[in-house]
Amino acid sequence: MDRLRATLKRIDGRGYKAYEDIQGHYRGAFFKLFIEHVQPDPFAPPTRLRVQIQGRVADFPAALRDKPARRVALADLLARRLAEALGVGKGGKEGARGTFSMSAGAQTIIPRTAVMLEEDTLEARLTLGLPAKGRRILGREATALLCDRLPEALESSLLAKAHAPEALEAWIRSADDRLALRAALEDRGLVAFVANNAILPRRSGVDDRPLVAGAVPFQSPASLAVEIPLPGGRSVRGMGISRGVTLIVGGGFHGKTTLLNAIARGVSDHIPGDGRELVVTLRDAVKVRAESNRSIAGVDLSPFLGVVPGVDDTADFSTQNASGSTSQAASILESIEMGSRLLLLDEDTCATNFMVRDARMQALVPDEIEPITPFVDRVRPLFEGRGVSSILVMGGSGDYLDLADRVILMDGFRAEDVTARAAEVARVLPTGRQPRAHRGFGGVTPRCPDPGSLRPEKGRREVRIDVRGRNTLLYGKEVVDLSALEQLEEAPQTRAIGWAIHLMAVKHLRSSDSIRQAVEATAGEIERRGLDVLTPFPVGDLALPRAIDIAAALNRLRQFRVRRPPPVQQDA
Ligand code: ADP
Ligand code: MG
């Protein structure tokens, strides 16, 4: 580090370009610092730093990192502590001169490249906007940041001795608990579990932290309560939602959407104190909504869409501009194509004509001229024929009451099991509607990606992949709207999705591969080799996405084309 101090002293006051001289690696008291890419000017993307600490120097007890899930949780905690120690988010915005930045995450624990814990090394990645006055290097400020502030922050965050052992253990225990809960879901045929006392409401639509004032903790109705054992002889009680068709009903503003959203986000792990840390859902669950204007590439929509004027074949349906109902049908079929076992639908964000079609409308508009088979006619065949469960929020239509395996009423944020009452209402007040399409759900036709359709280049750049926040992926020349992927937790996941699509395109698109095979092969490679396989050089702002979300993004690329798989050769 003395060498770095000397260089900064020498270039103090010179033009910004001279910062290039600090590129290289340096040995600190207990760490190695790699200054990898120095920004060419004050307004370019900030300078990338990498720090390595030997495992035996960091000295975290083996018991805290002896399983993959524990390593992920510990690395996640260390990223948060380092970001705090560096004042990330406190100063100017990312890349501002004189500020450190890191993608340490908010409410979610997830494998990320900000801090990575390997067998014998700990690596942290961050950026620094190198300080300048106009275009003159501020060498003394840079020295204070790189040679004093950074080592102090590392010492107070990345070494075991800086942490209270109980705090570390509690964090890891919480990760173990979620692992146990996820295993219990599978063992008991549950699709979701919401612990008693969980805090589900968020502070606001743009603030994912728990609501503090006046939050009513969740309590399971007695009839749906399950007790799940946790490691160390403990256990947790809460609401277990079994496979099948589940309705969440209730008046407006009684907490239906809040419950469904917590379940939707239960595919990811949340930090202790989030309120949802003991809410878990099958990892492959998909929250499906109506979208306007999404593209669709060769999806077989026939389970939901019959003969449509102007469309040759709804079994091979492509559009650049899907309607609400069509987009919703496509999203459901794409989710099933990827093996989802649980669909989550909220009336707030569903297309009404996709969800229901009541007796009166059936009487007025004959079946022959209505191409849509509404979800109400498909929700049971979907479960019985394909094992796909549904949880639906439905405050406005009673047509689903006959079809539900259980009905949960939200009343003043309190959940009540009204399954028996709902069955009684359904008996006394029949809907009078004619169920349609009582054949099974049928198959979902797999699609093969067309490798030539994915074009990541833009202008002089061979590969242009970037994000604008969580909801917008930039892929080649295209701006992809991912706001319908409500289960994405953060922008680094979106970034990883963009690179994963690229990895898939260059490596995993043998001609016969279906979308599912290609995406799963890609996700498998990321799992085996780590997130660094995605980018040409190591970066600190990637986080692991779900395979099903990679596919969901791919399905929304307007340039994406598919081919039907070649027919299977039958033996004579
Ligand atoms: P619904 O979907 O039934 O209309 P929402 O889930 O949108 O209701 O909730 C309405 C409002 O109540 C939201 O502002 C939400 O944050 C708040 N809320 C939801 N659940 C709780 C709770 N358990 N405690 C306190 N406030 C809550
Ligand atoms: Mg609602």
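This is a dialogue about reading selected features of a predicted model.

Biologist: Let us begin with the metal. Which residues coordinate the magnesium ion (ligand 2)?

Modeller: Two side chains supply the donors: Thr257 through OG1 and Asp348 through OD. The distances run from 2.1 to 2.3 Å. Water is not among the atoms, so the site may look incomplete.

Biologist: Where in the chain do Thr257 and Asp348 sit?

Modeller: Thr257 belongs to helix H6, residues 256-265. Asp348 is in the loop between strand E21 (342-346) and helix H8 (352-355). The two are 91 residues apart, so the pair links distant parts of the chain.

Biologist: How do I read the accessibility of these two?

Modeller: Use the cut-offs: buried is under 20% relative accessible area, exposed is over 50%, and partly exposed lies in between. Thr257 has 25%, so Thr257 is partly exposed. Asp348 has 53%, so Asp348 is exposed. Those values count protein chains only.

Biologist: What angles should I expect at a metal?

Modeller: The ideals are 109.5 degrees for four tetrahedral donors, and 90 or 180 degrees for six octahedral ones. Here, the donors are Thr257 and Asp348.

Biologist: Now ligand 1. Which residues come nearest to ligand 1?

Modeller: There are 14 residues around ligand 1, and Val216, Phe253, Lys256, Thr257 and Thr258 come nearest. By class, the shell holds six nonpolar, seven polar and one charged residues.

Biologist: Which polar atoms lie within reach of the oxygen atoms of ligand 1?

Modeller: Take them in sequence order. A polar backbone atom of Gly255 is 3.1 Å from an oxygen atom of ligand 1. For Thr257, a polar side-chain atom is 2.9 Å from an oxygen atom of the ligand. For Thr258, an N or O atom in the side chain is 2.5 Å from a ligand oxygen.

Biologist: How much of ligand 1 does the protein bury?

Modeller: Ligand 1 taken alone exposes 560 Å², and the protein buries 75% of that.

Biologist: Back to H6. How should I read a helix?

Modeller: An α-helix has 3.6 residues a turn, so residues three or four places apart point the same way. In H6, seven of the 10 residues are buried, so the helix is largely enclosed by the rest of the structure. The buried ones are Lys256, Leu259, Leu260, Ala262, Ile263, Ala264 and Arg265.

Biologist: Charged residues can be buried too, then. Is Arg125 buried or exposed?

Modeller: Arg125 has 4% relative accessibility, so Arg125 counts as buried. Arg125 lies in strand E7, residues 121-128. The side chain of Arg125 makes a polar contact with the side chain of Asp532 at 2.7 Å. Arg125 also touches residues including Leu49, Met102, Pro538 and Gly540.

Biologist: What does the side chain of Asn196 contact?

Modeller: A polar atom of that side chain lies 2.8 Å from the backbone nitrogen of Ser220. Asn196 is in the loop between strand E10 (190-195) and strand E11 (202-204). Its relative accessible area is 19%, so Asn196 is buried. Among the residues that Asn196 touches are Phe218, Arg237 and Met239.

Biologist: What is the phi of Asn197?

Modeller: Most residues other than glycine have a negative phi. Asn197 has a positive phi of about 75 degrees. Asn197 lies in the loop between E10 and E11, and is exposed at 51% relative accessible area. Phe413 also has a positive phi, near 70 degrees. Phe413 sits in the loop between strand E23 (406-411) and strand E24 (414-417). Phe413 is partly exposed, at 41%.

Biologist: Last topic: residues distant in sequence. How far apart in space are Leu74 and Trp171?

Modeller: Their C-alpha atoms are 7.6 Å apart, across 97 residues of sequence. Leu74 lies in helix H3, residues 68-85. Leu74 is buried, with a relative accessible area of 1%. Leu74 touches Phe60, Leu64, Arg65, Leu117, Leu168 and Ile172, leaving aside residues up to four places away in sequence.

Biologist: And where is Ile137?

Modeller: Ile137 is in strand E9, residues 136-137. Ile137 counts as buried, at 1% relative accessibility. The C-alpha atoms of Ile137 and Pro42 are separated by 9.5 Å, with their positions 95 residues apart along the chain. The contacts of Ile137 include Ile11, Asp12, Tyr16 and Pro131.

Key:
Residues are numbered from 1 along each chain as its sequence is written. Chains are lettered from A and ligands numbered from 1 in the order in which they are written. This is a predicted model: local features need pLDDT of at least 70, side-chain atom pairs count only at pLDDT 80 or more; totals for chains, interfaces and linings use all residues. Side-chain values use heavy atoms; hydrogens and water are left out. Donors are N, O and S atoms within 2.8 Å of the metal (3.2 Å for Na, K and Ca); water is not among the atoms, so sites may look incomplete. Helices (H or I, at least four residues) and strands (E, at least two) are DSSP runs, numbered from the N terminus. Buried means under 20% relative accessible area, exposed over 50%, partly exposed in between (1.4 Å probe, protein chains only). A residue is near a molecule or strand if one of its heavy atoms lies within 4 Å of it. A polar contact is a pair of N or O atoms within 3.5 Å; within protein, one must be able to donate a hydrogen and the other to accept it, and residues adjacent in sequence count only if both atoms are side-chain atoms. Accessible areas come from the Shrake-Rupley method with a 1.4 Å probe; for residues, only the protein chains shown count as cover. Ala, Val, Leu, Ile, Met, Phe, Trp, Tyr, Cys and Pro count as nonpolar, Asp, Glu, Lys and Arg as charged, and the others, Gly among them, as polar. Contact means heavy atoms within 4.5 Å.
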